[in-house]
Amino acid sequence: MNEIIRIVDYRAGNIASVINALGRLGGSASLASRPAELAGARKLIFPGVGHARPAMEALMASGMHKAIREFTGPVLGICLGMQLMAGQSEEGETPGLHIFDQPIRRFGPSLKVPHMGWNNVFDLKGPLFAGIPENTHFYFVHSYYMPISADTTANCHYGLQFAAAATSGNHFGVQFHPEKSGEAGMQLLKNFIGL
Amino acid sequence: MLTKRIIPCLDIKNGRTVKGVSFDNLRDAGDPVELAARYSEHGADELTLLDITATLEARATFVQVVEEVAAAISIPFTVGGGISSEQQVELLLSAGADKVSVNTAALLDPGLITRLSNAFGNQCVVVAIDAKLQQGRWEVVSHAGTRPTGLPAIGWARQCCDLGAGEILLTSFTADGTRGGFSLDITGEVARGVSIPVVASGGAGSPAHFFDVFTLAGADAALAAGIFHYGMVSIGQVKAYLKKYGVGVR
């Protein structure tokens, strides 16, 4: 693992955390803020925290929205990254990349939001969860969620059941933060690197 | 199920942790990076690093500590202490902090909460509220507990929530340092009164105190310093106790 991994850089936070996590796994990655910077990349990590609308506007301004959709190697969207790969978000009525054919909804008013902390994930499917037991806890921080669908590869419960992870072809998304989820998170990143 | 979080707090002065630490096998008890890594191994769900210095040189050292801690651990951490501007927050977040806590600066300029929330997302904006029981009512105090503000704690907490805070860190200055348990009344009032997570702080002395603040007051997380640093109780012991009595922990 080396420069073949790119991290989408669109000023939406937590890039340092992702670089640190890859560093702990003994690897590295470089940043890409324009499609041209994806030349030679085999894998893409699409992190993100914060508000959907400015994030999507930044991606559209640089052309990275198309590049992420058209990337043929494995792509891992984290938190807001996963949500931006879905359909329209209730957060600022923001359009998404429609890689996952689901809208992004806000948690109901009876719940404390953000959904913040360690929650267990279950009904795990697919290569990202290899070696990770059912009901492992991952760290979540989000106010919006992707509903369960055929693309869902991990479930989580907070007031209702939502997609903790989803896969569509070469595009993977996780709602939690693997880079902040201790050993289990490191295992998931290792699984992604090994794809 | 979303679990309750246990958060050790490290006070950092001139790049070193202060308060006694009595862990076995620590090479350097004053090294925040080693201590952070140790707490992470012991099952801490998050960490808080508090900068208790005020000089500019010390601030630069603190940013370096944040960078080193971020590289060493893979759990989230909050940083606080003297934060008053967007520039400071940007620096700390890009150094690898996950959340920042603001306290006195937010009381002086409540709009800061909204600006930080808009710029960085509310998930990283913690408002620290220091409350003291004064003649039967819980009042907000500022400047490290030295100045009364006249504001009722519950009113200020609700206002912080409306202004865009993502979390409240509520410290009872009445209970802090007593080891007699968290202040359940004000913690419960705030936890029930806002729609964002509430971290309880001040007064932890035993595993039962954590059980009480989670089950009776409804706190989402609990922060402690002394009892963990001095090795009176370990994070593992607190979690084992909570698990035994049916409170969900990681």
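Modeller: A salt bridge is a side-chain nitrogen of Lys or Arg within 4 Å of a carboxyl oxygen of Asp or Glu. By that rule, two salt bridges cross the interface of chain A and chain B. Keep in mind that this is a predicted model, in which local features need pLDDT of at least 70 and side-chain atom pairs count only at pLDDT 80 or more, while totals for chains, interfaces and linings use all residues. Residues are numbered from 1 along each chain as its sequence is written, chains are lettered from A and ligands numbered from 1 in the order in which they are written, and side-chain values use heavy atoms, leaving out hydrogens and water.

Biologist: What makes Asp220(B) and Lys112(A) a salt bridge?

Modeller: Their closest N and O atoms are 3.1 Å apart. That is within 4 Å, so the pair earns the name.

Biologist: Why is the pairing of Arg53(A) and Glu57(A) called a salt bridge too?

Modeller: Here the distance from N to O is 3.4 Å, and the rule allows 4 Å, so this pair passes as well. Both residues lie in helix H2 (residues 52–62) of chain A, four residues apart, which is about one turn of the helix. (A helix is a DSSP run of H or I with at least four residues, a strand a run of E with at least two, and both are numbered from the N terminus.) Over all chains, the structure holds 14 salt bridges.

Biologist: How much area do chain A and chain B bury between them?

Modeller: About 2,200 Å², with 53% of it on carbon and sulfur atoms. Lys112(A), Met116(A) and Trp118(A) lose the most area in chain A, together 33% of what that side buries. Buried area is the accessible area (1.4 Å probe) that two parts lose on being put together, summed over both.

Biologist: How many residue pairs are in polar contact across that interface?

Modeller: The rule finds 17, with both residues at pLDDT 80 or more. On the side of chain A that touches chain B, H1, strand E6 (115–120), strand E7 (137–142) and helix H5 (182–193) each supply at least two residues. E6(A) gives the largest share, six residues. That side divides into eleven nonpolar, eleven polar and four charged residues. (Ala, Val, Leu, Ile, Met, Phe, Trp, Tyr, Cys and Pro count as nonpolar, Asp, Glu, Lys and Arg as charged, and the others, Gly among them, as polar.)

Biologist: What makes the meeting of Asp98(B) and Lys180(A) a polar contact?

Modeller: A polar contact is a pair of N or O atoms within 3.5 Å; within protein, one must be able to donate a hydrogen and the other to accept it, and residues adjacent in sequence count only if both atoms are side-chain atoms. The side chains of Asp98(B) and Lys180(A) come to 2.9 Å, so they fit under that limit. The side chain of Asp98(B) also has a polar atom 2.9 Å from the backbone nitrogen of Phe77(B). Asp98(B) itself sits in the loop between helix H3 (86–94) and strand E5 (99–102) of chain B.

Biologist: Now the sheet. In what order do the seven strands of chain A come?

Modeller: The order is E2-E1-E3-E4-E11-E10-E9, in an open sheet with mixed pairing. Strand E2 (30–32) and strand E9 (152–158) are the edge strands, each pairing on one side only.

Biologist: How do you know that strand E3 and strand E4 of chain A pair?

Modeller: Two strands pair if DSSP finds at least two bridges between them. Three bridges join E3 (residues 43–46) to E4 (residues 75–78), so the test is met. The two strands run parallel, and Ile45(A) stands opposite Leu76(A) in E4(A).

Biologist: Any oddities in the backbone?

Modeller: Here are two. The peptide bond from Val113(A) to Pro114(A) is cis, with omega near 0°, and Pro114(A) is in the loop between strand E5 (105–106) and E6 of chain A. His143(B) has a positive phi of about 50° although it is not a glycine. Its place is in the loop between strand E7 (137–142) and strand E8 (147–152) of chain B.
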